[in-house]
Each structure stands twice: as C-alpha cells, then as structure tokens.
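User: I've got this one open on my screen and would like to talk it through. Can you take my questions one at a time?

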Amino acid sequence: MGIDRVVLVTKRTTLEELVVRFQTRAQAEFYLTQAGESFAPIVEEHDAYHQLISELRKQIPGTLKYHQIDRDLLPQYQFRTSDLVVTLGPDGLVVNTAKYLDGQPVIPVNPDPERIDGILCPVTNSEFGTVFTQTLAERGNLKRVTMAEARLSDGQRLLAVNDLFIGSKSHVSARYRLSYGGQAEFQSSSGVIVSTGAGSTGWMRSIHASALAVAGALDSGISAGMPKPLPWDTQELLFAVREPFPGVGCGTELVYGRASDEVPLSVVSMMPRNGVIFSDGIEADFLEFNSGAVAEITLADRTLLLSV
C-alpha cells in the first residue's frame, strides 16, 4: 500500500457555521438566545469535536506526513495514491470525500455515536488506534463500497456513493425516455432514483416503504415485506421511478428494476429546461439534463475502500 501521508477531512461545527452566518460568536449567541435557544450545547459540541481532532492527531505517528482539510476544500485538494484518508463526521462527509478518491483507504470515524447513526462511519474514537495500525500494516478490514456513475453523451460524469436523482430541479414533472432490459418507455414522473448497495438503506428504502403502504391501503391482501438491503459491494444498481403518471403517451411499466453491466439503464431527457442529475442529495453539485441529453447509468470504474 505504501502509505506515507494521512489526510484528515473535517467539517465545520454548528458553532463555526453560525459564526460564518452572523460574523461573530457573540452575535450568533445573541441571535439564538433571543430566539429562546440554548447556546451551551452548541459550544459543547464544538469543543468536543475539536478535542477529538486533537486526540486523533496524537495517534498518528510523526513519521507520516499529516494534512487536515475542511470538506469545502475537497474539490481543490490533490489526493495522492499513497494517502490514508480519515473522515471525522457523519455519513455525508464520507460520501463527499469518496467522490475525490480513487482507491485510497478511508477510516470513517463517527464523532458522536450517541447522535449519529453512522452507517458509513462505524469507527469510534476508542477503536481508531487499532483500525489505524491495522490499516498501515495492510491487515485492516477493508470493506468495498460500489459506486454509481451517470455519464452524459457529452462526456460529463457524476459519481454517487448512495444514489443518483434524475429529474427536474423544480416540482414540475420530469419528462424523459427510459430504456432498460431491451425495452424503452416515455415517462412523466417526479424523477428516477438510482441506488447503490450502500444507498439501499436510505432514499430507496423510503420508496419501498411508501410503495408498500400505498399498495396495502389499496389491497388489504398484500402482505409483502420490505426487501433486504443490497450488499455494499453489489454489482447491481436499484432504480425506481417516483410517482409515474399513467397519461396519454406516458407509460408506467418500467418503474423498478436492477441495472448492471449486462442490463444497462439509459435515460434521454425531454425537458426543455431545469432537467438535472445530482448525487447523494447534494443538489448544488449537478449536471444539466435538458432535451436531447442522454445519460448512461452504470457502475463506476472505482470503489470506495472503508477500513473498519
């Protein structure tokens, strides 16, 4: 593996975000207290987070180079193949970081297990030293997480750790032609969700729950349970069409399936404007997907390596 540098990726605390918004800590405290909110828990969270940074730093040998960066700097940061990446934050921070990596191992640390579920960041502070040492010695438990990719006909691409959204940026219906399994269908819907194995416990699970509840209300004889989540290293992508409309010229047959290299998924936009593709819930980072654009949805040519 040849690791010679550790890169710690952090995020702003709530206090730091408030200071950005209100210019000073005093003004942030005044605003919250005037609104009847307590400022103390915010300070406690801030102090605990930075104390944890210090504790993690002490466990990294001085023989290794060390960089600490905020997640806002990820688009400009140049990762090296010899890096070991440590993320200190919720699942979203792991997802943000993964898009800029290409095979570097990640130790995902949960800074607050009492408040953060941490499906993608199961490593606690007390476990970090052991996981870190084992990863350096190439004896770590490396868990592979399959990523998805949307590639447009003009060469633009977008990666996803959890899911892709294909549709309209507003609340109007998305119009497109979906091709899957040798069939094609024009559709009008609230958009298409494509989920990886890691994402099958998130947005896609909400879609499953909604579909089962609606079907059960319409037919009390339906007793199907929730499907099991996919393995994180699965070579398939789940897709589901949200609220497909059965109108003139619009079909509702190709609304759910499993895409793979053997059974690809393709979407052609029929939206004059406001068509978008974004990933992992980050709406600000999107590809324009307007009339004539073709999106091929595939497994990405890289995987996320979590050392847990």
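User: Which residues line the largest cavity?
Analyst: Keep in mind that this is a predicted model. The cavity in question has a volume of about 60 Å³. Its lining is made up of Ser200, Arg205, His208, Pro227, Lys228, Pro229, Leu230, Leu238, Tyr256 and Arg258.

User: How many cavities of 30 Å³ or more are there?
Analyst: A cavity here is a space where a 1.4 Å probe fits but cannot get out. With that rule and the 30 Å³ cut-off, the count is one.

User: Which helix and which strand each supply at least two residues of that lining?
Analyst: Arg205 and His208 are in the lining, and so are Tyr256 and Arg258. Residues 203–218 form α6, and residues 256–259 form β12. The elements you want are α6 and β12.

User: How do the lining residues divide into nonpolar, polar and charged?
Analyst: Pro227 and Leu230 are among the lining residues, and Pro and Leu count as nonpolar. Arg205 and Lys228 line the cavity too, and Arg and Lys count as charged. The full split is five nonpolar, two polar and three charged.

User: Leu238 is on that list. Which residue of β10 stands opposite leucine 238 in β11?
Analyst: Strand β11 covers residues 237–241 and pairs with β10 in the antiparallel sense over four bridges. Within that pairing, the partner of leucine 238 is serine 195.

User: And on β7, which residue stands opposite serine 195?
Analyst: β7, residues 163–168, runs antiparallel to β10, with four bridges joining them. Both faces of β10 are covered, and Ser195 is buried, on one side with Ile193. Opposite serine 195 stands aspartate 163.

Conventions. Residues numbered from 1 in each chain as written. Predicted model: local features only at pLDDT ≥ 70, side-chain atom pairs only at ≥ 80, totals over all residues. Heavy atoms only, no water. Buried < 20%, exposed > 50% of the residue type's maximum accessible area, 1.4 Å probe, protein only. Pairing = 2+ DSSP bridges. 1 Å grid on protein atoms, 1.4 Å probe; cavity = no way out; pocket = protein on both sides within 12 Å on 5 of 7 lines; lining within 4 Å. Points joined across faces, edges and corners; volume = space filled by probe spheres on them.
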